[in-house]
Amino acid sequence: MHIDRSTALQRLNPLINLVTPIWVVLAVLVIVVALFFDRFLSPQNIVSILQQGVITGVVALGMTIVLIGGQFDLSTGAIVVMAAVVAVIVGPSTGTGTFLAIVLPILLGSAVGAMNGLAVFWAGANSIVATIGMQFLLMGVVLASVSGQHVRADNISAIFTGLAQSQFLGIPVSVIVFGSVALVLAIVMNNTVFGRHIYAVGGNIETARRAGIDVTQIGVATFMLSGALAALSGVMIASLVGHVSPTSIAHYEFPALTAVVLGGTSLAGGVGQPTDTVAAILVLAVISNVLTLLDYQYPIQLLVQGVVLIVAVAYYAWQGAKV
Amino acid sequence: MTPTHLALSPLVVRLFIKPPLVPLIVIGCLIDGFLSFGNLRILAQSIGTDGIVVVGMTIVMISGGFDLSVGAVLAMGGVAAVTLLPHGILPAMIGAGAVGGIAGLLNGTFVTRLAINPFIATLAVMVMVRGATLAFTNTRPVVSLDDQFLHIGQGQPLPYSFMIMVAIMVTAHIVLNHRPWGRHAYAVGAEESASAMMGLRVRRIKTQCYLISGVLAGIAGFLLAARLGTGSPIIGETTALTAASAALIGGATLKGGEGSIAGAFVGLVFIGCLINIMNLIDVPSYYQRMTIGLILLALVISEGMLLRLRQR
């Protein structure tokens with residue numbers, strides 16, 4: 001009986017794990033901010049917070065998986081730009097065009113992820129430097145292929161625009177997509193062999209290899225997942241704005257990494273939960289919203305992000321040292 | 001690791017294979033304008049400011065760290081220099097070095113006292129410094145038309161920045177190879193725990209390495225601003241990667257304990273010539289970004305594969 005109950009609890013893992021420090025931080029933050037700003041809880045503001053958050057959030061979910069596997073993926077920012085540019089160039093005007101504009105960037109994103117994964121897990125390259133190298137390479141390719149120009153699509157179909165702009169039961173479709181991705185990843189990470197193998201590889205790669213796990217295969221899969229999700233985020237941007245200037249899209253890898261770390265994913269690998277990344281994304285989105293309400297511009301937001309990252313890393317390092 | 005079975009001397013490898021500097025220069029000589037005095041001056045100028053940053057990066061990498069913040073610090077140094085210029089040239093230079101030093105101390109403190117992974121710590125400092133610089137300048141470049149300041153950005157026949165770089169490199173080479181502090185930096189990078197047991201003050205040495213890197217990046221920012229007449233808050237995006245590539249080509253590793261100033265200089269000249277030749281034959285800047293990405297990828301992949309071969 002006892003064993004049965006514990007397995008049943010384990011099956012509910014994603015739900016139980018919801019109550020982690022970062023969710024408490026989120027709750028406190030929302031209450032405090034709501035007390036100070038009347039506008040904060042207005043439906044429009046909440047929708048705008050969510051819409052802003054999910055684009056970084058989808059990137060962050062992929063990076064969470066890579067980081068749990070013990071590596072970093074800093075090429076995601078360039079993959080976002082590539083996906084947005086490709087989606088617009090394909091031209092989502094007809095039915096097939098719309099399908100291709102969604103699927104092709106995601107395939108390309110996972111292909112870039114596969115290259116990252118092979119460089120890191122097969123060739124043994126340092127993941128931070130290799131993926132920064134990939135970021136430069138990819139940004140160079142994207143800028144060269146559009147000659148650094150703005151790209152625009154005509155007659156964008158309603159379905160493609162709807163991906164980021166329409167609402168279902170009052171909830172933006174992009175938020176629903178983000179929520180489902182997070183839910184699926186939470187289940188995959190906690191309740192499948194594949195997920196447990198990622199934790200094992202991130203926890204101790206040599207032990208995982210000796211236990212018979214195909215480390216390269218698992219590692220490449222994590223990078224492909226991250227590449228595909230970054231591309232999905234790029235498609236959302238294309239859907240949201242309908243035209244893309246490759247040089248003006250921000251570097252998404254940094255806020256995404258901040259969110260992943262803030263969510264408690266260990267920089268050493270082997271520890272982390274996609275659901276905690278969701279909470280961290282919401283915390284960052286609320287902070288960014290407050291800064292916007294207070295009329296602070298991009299530079300201050302950048303500064304605050306850097307401080308949040310250092311505080312988060314230092315907090316978790318201190319927590320780890322205590323145990 | 002050099003292919004010893006081919007019996008190539010390290011010097012030949014350094015000049016012909018990793019990197020293929022001599023072949024590149026031969027190709028360069030075939031291109032119209034490469035050997036002209038004006039072009040060589042431009043080359044020396046760009047190598048000068050980058051090279052000062054490379055020295056700091058190499059020292060940090062020898063001690064087992066990495067410094068992603070140098071590009072942002074370079075921009076901050078330039079902005080600080082132009083801002084302080086009304087008080088004189090010397091205060092401007094000291095100010096640029098000082099703001100760089102503060103960033104370096106932050107890096108060092110985060111890495112050694114809070115035990116944060118050097119890539120993440122310096123990435124966070126990079127973002128903070130960039131944000132602070134953009135906020136301070138309101139995202140606009142600051143311009144100076146001070147004659148004395150602009151003069152420092154030039155220099156005859158060799159640019160001052162190049163001469164300063166040579167002086168810094170010679171000093172760093174002597175300190176790293178012939179002074180106790182330099183040998184300690186290598187020891188800390190190669191085997192941190194053993195160095196601590198031998199009584200070396202590991203944290204202090206590593207913090208000093210980041211401090212040096214920050215100060216040098218600030219001074220490079222001063223010189224770059226003097227050359228351009230402008231302190232731009234957005235320059236230096238590729239600086240960290242260019243500097244790291246030069247250091248890696250020169251034998252430094254991401255694991256630490258290896259690397260040399262002479263090697264980094266060869267790597268620096270190689271990258272400088274490559275970019276210069278690309279500019280001469282009108283290759284758009286996107287391809288330059290691509291090339292640095294490719295070089296970096298090739299370097300870390302080959303480092304990883306060699307490490308794996310050695311372990312077998």
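Does B:T139 count as buried, exposed or partly exposed, and what number of C-beta neighbours inside 10 Å decides that? Keep that one in mind for a moment. What you are looking at is a predicted model, and B:T139 is a handy place to start in it.

**A residue just past a helix**

The answer is that B:T139 counts as partly exposed, because it has 13 C-beta neighbours inside 10 Å. A residue needs 20 or more such neighbours to be buried, while 12 or fewer would make it exposed. You'll find B:T139 in the loop between α6 and β1 (142-143) of chain B. Its backbone is a bit unusual too: B:T139 isn't a glycine, yet its phi is positive, at about 60°. For background, most residues other than glycine have a negative phi. B:N138, just after α6(B), also takes a positive phi of about 60°.

What about the helix itself? Helix α6 of chain B covers residues 118-137. At 1.5 Å a residue, its 20 residues should span 28 Å, and the end C-alpha atoms are indeed 28 Å apart, so the expected and modelled values agree. Most of α6(B) is covered, with 18 of its 20 residues buried.

Now hop over to B:D282, in the loop between α13 (261-280) and α14 (285-311) of chain B. B:D282 has a positive phi of about 60° as well, again without being a glycine. B:D282 counts as exposed, because there are 6 other C-beta atoms within 10 Å.

**The two chains as wholes**

Time to zoom out. Here are chain A and chain B, one per row.

| Chain | Helices and strands | Box along principal axes | Buried residues |
|---|---|---|---|
| Chain A | 15 helices, 4 strands | about 60 × 50 × 40 Å | 50% of 323 residues |
| Chain B | 14 helices, 2 strands | roughly 60 × 50 × 35 Å | 55% of 312 residues |

Does the overall size fit a compact globule or not? For chain A, 323 residues packed that way would have a radius of gyration near 20 Å, and chain A has 20 Å, so the two agree. For chain B, the 312 residues would give a value near 20 Å, and the 19 Å of chain B agrees with that.

The contacts tell you how far apart in sequence the touching residues are. Take the contacts in chain A with a separation of 6 or more: 78% of them are between residues 24 or more positions apart. In chain B, counted in the same way, residues 24 or more positions apart account for 78%.

**Where the chains touch**

Which elements of chain A give two or more residues to the side that touches chain B? First, the head count: the contact takes 33 residues from chain A and 35 residues from chain B. On the chain A side, the elements giving two or more are α7 (127-145) and α15 (298-322). α7(A) gives the most, with 13 residues. By class, this side of chain A has 26 nonpolar residues, 7 polar ones and no charged ones.

**Inside chain A**

For a helix pair within one chain, look at α9 (residues 173-191) and α14 (residues 274-293) of chain A, whose axes come within 8 Å and cross at roughly 145°. From α9(A), residues A:A182, A:L185, A:A186 and A:M189 meet A:P274, A:T275 and A:V278 of α14(A). That contact divides into 6 nonpolar residues, 1 polar and no charged.

**The core and a buried glycine**

In soluble globular proteins, nonpolar side chains tend to be buried together. Here, the largest nonpolar core has 211 residues, and those touching the most other members are A:A83, A:A84, B:V53, B:A81, B:L216 and B:A247. Beyond the residues up to four places away in sequence, B:V53 touches B:V70, B:L74, B:L216, B:A217, B:A220, B:T239 and B:A243.

Finally, there's B:G65, in the loop between α3 (37-62) and α4 (70-84) of chain B. B:G65 is buried, because 27 other C-beta atoms lie within 10 Å. Setting aside neighbours within four places in sequence, its contacts are B:V60, B:V111, B:P118, B:K206, B:C209 and B:Y210. B:G65 and B:G256 are 191 residues apart in sequence, but their C-alpha atoms are 6.9 Å apart in space.

Note on methods:
Residues numbered from 1 in each chain as written. Chains lettered and ligands numbered in written order. Predicted model: local features only at pLDDT ≥ 70, side-chain atom pairs only at ≥ 80, totals over all residues. Rg over C-alpha atoms; globule rule 2.2 N^0.38 Å. Contact = placed C-beta atoms within 7 Å. Nonpolar A, V, L, I, M, F, W, Y, C, P; charged D, E, K, R; others polar. Axes fitted to C-alpha atoms, helices over the stretch in contact; angles between N-to-C directions. Core = buried A, V, L, I, M, F, W, Y, C linked by C-beta atoms within 7 Å. Expected span 1.5 Å × (residues − 1).
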